[in-house]
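Open the model in your viewer and keep the selection tool at hand. The stops below say what to select and what is there.

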Amino acid sequence: MACQTRLSLPYGGPVEEAHRPRGAARAEGGPICKNPIADVCDERGPQVPEYLDSVNVKWTTIDVTRFAEVEKDPGPVFLWVGMKPRSLSRENAEVAAVGCKELLKEFQITDVEVAFWQSLFTRSAGSQLFNYVCSVHAAADVRSPLTPALGLQIAARATPCFEGTGGIYICEGGESKRVFVLTARYIVFPPNAARNELHACMKASQPRHDVLLLGSKVFQDVLESIMVRIGRQAILVDHSPPISVGTGPKRFTEDWALIQLHGEKIDWEAFKGNVIDLDTKISVDDFILKMFPHTTARTSFKYPRGRLLQLRDVIKENELRHPTMLDTNGEECLLVVKNGNSTDGTIGRATGIMSFVRECFEDGTHETSMELAIYPYGNKDGAFSAPGDSGSIIADGKGRIVGLLTGGAGQTDSTDVSYATPFYWLFDERIKAHFPNAYLYPVTA
């Protein structure tokens, strides 16, 4: 149940179990790729969180979404405000909602409702790798975690139980032949175990910070599956700037680390570069129907051989905000896929309007940034991500990179919305600032 300005609230007390607007218990939230509020969020967006702060709303996320019941047209656009559990009375929620609507009216936005819900934002935290495995191979489920396909399951040697995902391969370029795998910094430098400061491996005598392929849980799962012991080999964190939020004019999150690969751990003759393993749990037909809902796009798509989706390009800012893909109703949409440490292969729906995300800490401080929101494909499909999936690369069905997964929001045991840093910004403006000749590892046939 949630507070809305167009509905009366029957009683006081804290807003509890607020997931969706009242009357939409069976509805699913979805992205918005085209609406006048998009321009307001870009130009005047900070005024909304500033107003909520002024009326003491302990918000955690601010998304723009709409809700629709299965097989029904979506309802009105909502400003969907996540808040710390049991931190807001119904009376105060209604006051804040009215204030938000009055603020939007100043920008001629009159058709947006306001809803509150309880949520917490969290940063979803060897032997030579096997060659790629066809999905019909009897050992596909067992060997997939040990192949170099994207979705590498990793953890720092110092904190092997804090697991995450290796996202994409990047070449240093220039005269260097070094190859890195990109992940989220806090996977390899957990905030409670390391200082938030620059890590740069400048010389051989410098202390190493090793990363293991397979964290403790995944490694044990593999051992139980194959009944043999596999030695885990370490790879080295080469460069990781401190985590920063609200970074630069676009106010995105900078949370990344480059891990240097050991050449002897990979069979380079069989190495295919940046490919996402679409996972055995997503059938061919299911992938095509969901990722290409409009018949005109579906007819020209061919499912990738060996279920390995090749990543060859990056979606730039303009198309991220104004997608060219169409859904079954002919409306703009951006459907995405990832393979992560915790939830494996999943399909989701990205939005064209950036969200505000606030991470709150035990000492009462907080940090705010802009993120790209990704919703589950549907209620029956489960969450797009979960803790441990951070660092995963997110792409569309054409193999174009969308973003790097950084976290999610929901109640303590679930993720309703996932968040990512747009890759066009992360790669061009942040990574290349340190590695100017860097480029994506080429995909081989």
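This tour of a predicted model goes from a pocket to a helix and then to a group of strands.

**Stop 1: a pocket.** Select Arg-123, Pro-191, Glu-359, Cys-360 and Phe-361. Of the 23 residues lining the second largest pocket, these are the closest to its centre. The volume of this pocket is about 620 Å³. Now colour β5 (120-122), α5 (185-188) and β22 (355-360), the elements that each give two or more residues to the lining. By type, the lining has twelve nonpolar, four polar and seven charged residues. Where does the second largest pocket lie? Colour domain 2 (139-233) and domain 3 (236-434): both give residues to the lining, so the pocket lies between them.

**Stop 2: a helix.** Select α3, residues 90-105. At 1.5 Å a residue, its 16 residues should span 22 Å, and the end C-alpha atoms are 23 Å apart, which agrees. Next, pick out the residues of α3 that are buried, among them Ala-93, Ala-96, Ala-97, Cys-100 and Leu-104. An α-helix has 3.6 residues a turn, so residues three or four places apart point the same way.

**Stop 3: three strands.** Select β21, residues 344-350; six of its seven residues are buried. Add β20 (residues 332-340), which runs antiparallel to β21 and is joined to it by seven bridges. A hairpin of three residues connects β20 to β21. To see one facing pair, select Leu-335 and, opposite it, Arg-349 in β21. Finally add β23 (residues 366-376), antiparallel to β21 and joined to it by three bridges. Here Ala-350 stands opposite Ile-374 in β23.

Technical notes:
Residues are numbered from 1 along each chain as its sequence is written. This is a predicted model: local features need pLDDT of at least 70, side-chain atom pairs count only at pLDDT 80 or more; totals for chains, interfaces and linings use all residues. Side-chain values use heavy atoms; hydrogens and water are left out. On a 1 Å grid over the protein atoms alone, a cavity is a set of points where a 1.4 Å probe fits but cannot get out, and a pocket is an open set with protein on both sides within 12 Å along at least five of seven lines; lining residues have an atom within 4 Å of a point. Grid points are joined across faces, edges and corners, and a volume is the space filled by probe spheres set on the points. Helices (H or I, at least four residues) and strands (E, at least two) are DSSP runs, numbered from the N terminus. Ala, Val, Leu, Ile, Met, Phe, Trp, Tyr, Cys and Pro count as nonpolar, Asp, Glu, Lys and Arg as charged, and the others, Gly among them, as polar. Domain bounds come from an automatic or database domain assignment. The expected span of a helix is 1.5 Å times one less than its number of residues. Buried means under 20% relative accessible area, exposed over 50%, partly exposed in between (1.4 Å probe, protein chains only). Two strands pair if DSSP finds at least two bridges between them.
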